[in-house]
Amino acid sequence: MTSEPFVIERTYDAPVERVWEAITSKEQMKQWYFDTPDFKAESGAAFHFYGIGPKGERFKHLCKVTEVEENRKLTYSWRYEGFKGDSLVSFELFPEGDKTRLKLTHAGLETFPQDNASFKKENFVMGWTQLIGTSLREFVEKA
């Protein structure tokens, strides 16, 4: 069992403030990420959302914000209702002129039941690549 976190980095043609708003506003998150009705970018704030697995199964994600540094870093725990395992998702933002580099780290994937294909690392790789590489990019770079 490897403990290597999944890391993805992308640079967007958008200022840090725009990307920060996209990852911390529940109204904006609903447009590119998930519907997180109880999300607050405040340390200690718990929230949940539903996601669909590779076979169409519905998973309730249970999360709690652990770190907030405005325009720099957002970290929250990530687990699934009814399954063992705890992980940590971290969004780090780096201004690069009028662009923003985002580094997403999802650590602890190996703590999820590895006998369940839905929790295989390759599914997280596909999901985050779509979310960070396509959905968020299109959202923050739109006119």
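# Notebook: salt bridges, a sheet and a helix

**Entry 1: a first pair.** I started with K73 and E67, whose side chains meet in a salt bridge, with 3.4 Å from N to O. Before going on, a note to myself: this is a predicted model. I then looked up how open E67 is, and at 27% relative accessibility it counts as partly exposed. K73 has another partner to write down, since its bridge partner in strand 5 is E92. That is a strand bridge, not a salt bridge, so I keep the two kinds apart in my notes.

**Entry 2: following E92.** From E92 I went one strand further. The bridge partner of E92 in strand 6 is K103. How many bridges join strand 5 to strand 6? I found nine, between residues 87–96 and residues 99–107, and the two strands run antiparallel. Strand 4 and strand 5 also run antiparallel, joined by six bridges. One more facing pair I noted is F91, which stands opposite L104 in strand 6.

**Entry 3: the whole sheet.** Next I zoomed out. Six strands make an open sheet, in the order 1-6-5-4-3-2, with antiparallel pairing. Which strands sit at the edges? They are strand 1 (6–12) and strand 2 (46–52), each of which pairs on one side only. On average, neighbouring strands in this sheet are turned by 25 degrees against each other, ignoring direction. Helix 1 (residues 16–24) packs on the sheet, and among the strands it touches are strand 1 and strand 3 (58–69). The direction of helix 1 makes about 160 degrees with that of strand 5. Helix 3 (residues 121–141) packs on the sheet too, touching strand 1, strand 4, strand 5 and strand 6. For helix 3 the angle I wrote down is about 15 degrees, taken with strand 1.

**Entry 4: turns and odd phi values.** I checked the links between strands. Strand 5 and strand 6 form a hairpin with two residues between them, and G97 in the turn has a positive phi of about 70 degrees. The hairpin of strand 4 and strand 5 has six residues between the strands, and there G82 takes a positive phi near 85 degrees. Then I met N71, which has a positive phi of about 65 degrees although it is not a glycine. Why did I stop at that one? Because most residues other than glycine have a negative phi. N71 lies in the loop between strand 3 and strand 4. With a relative accessible area of 21%, N71 is partly exposed; buried would need under 20%.

**Entry 5: helix 3 up close.** I tested the length of helix 3. Its 21 residues should span 30 Å at 1.5 Å a residue, and the end C-alpha atoms are 28 Å apart, which agrees. The helix does bend, by about 30 degrees at L131. L131 is also one of the buried residues of helix 3, along with others including F124, W128 and L136. What covers them? The cover includes strand 1, helix 1, helix 2 (26–32), strand 4, strand 5 and strand 6.

**Entry 6: more salt bridges.** The structure holds seven of them. In one, K99 pairs with D13, and the closest N and O atoms are 3.5 Å apart. This pair links distant parts of the chain: K99 is in strand 6 and D13 in the loop between strand 1 and helix 1, 86 residues apart. K99 is partly exposed at 33% relative accessible area, and D13 is partly exposed at 46%. In helix 3, I found E141 and R137 meeting in a salt bridge of 3.3 Å, N to O. They are four residues apart in the helix, so about one helical turn separates them. E141 counts as partly exposed at 33% relative accessibility, and R137 does at 24%. I also noted a network: salt bridges that share partners join E9, E96 and R101.

**Entry 7: Y33.** Last stop. Is Y33 buried or exposed? At 8% relative accessibility, Y33 counts as buried, because the cut-off is under 20%. Y33 is found in the loop between helix 2 and strand 2. Leaving out residues up to four places away in sequence, Y33 touches F49, Y76, W78, W128 and L131. Two of those names, W128 and L131, were already in my list of buried residues of helix 3.

How values were computed:
Residues are numbered from 1 along each chain as its sequence is written. This is a predicted model: local features need pLDDT of at least 70, side-chain atom pairs count only at pLDDT 80 or more; totals for chains, interfaces and linings use all residues. Side-chain values use heavy atoms; hydrogens and water are left out. Axes are lines fitted to C-alpha atoms, for helices over the stretch in contact, and angles run from 0 to 180 degrees between N-to-C directions. Contact means heavy atoms within 4.5 Å. Buried means under 20% relative accessible area, exposed over 50%, partly exposed in between (1.4 Å probe, protein chains only). The expected span of a helix is 1.5 Å times one less than its number of residues. The bend at a residue is the angle between axes fitted to the seven residues ending there and the seven starting there. A salt bridge is a side-chain nitrogen of Lys or Arg within 4 Å of a carboxyl oxygen of Asp or Glu.
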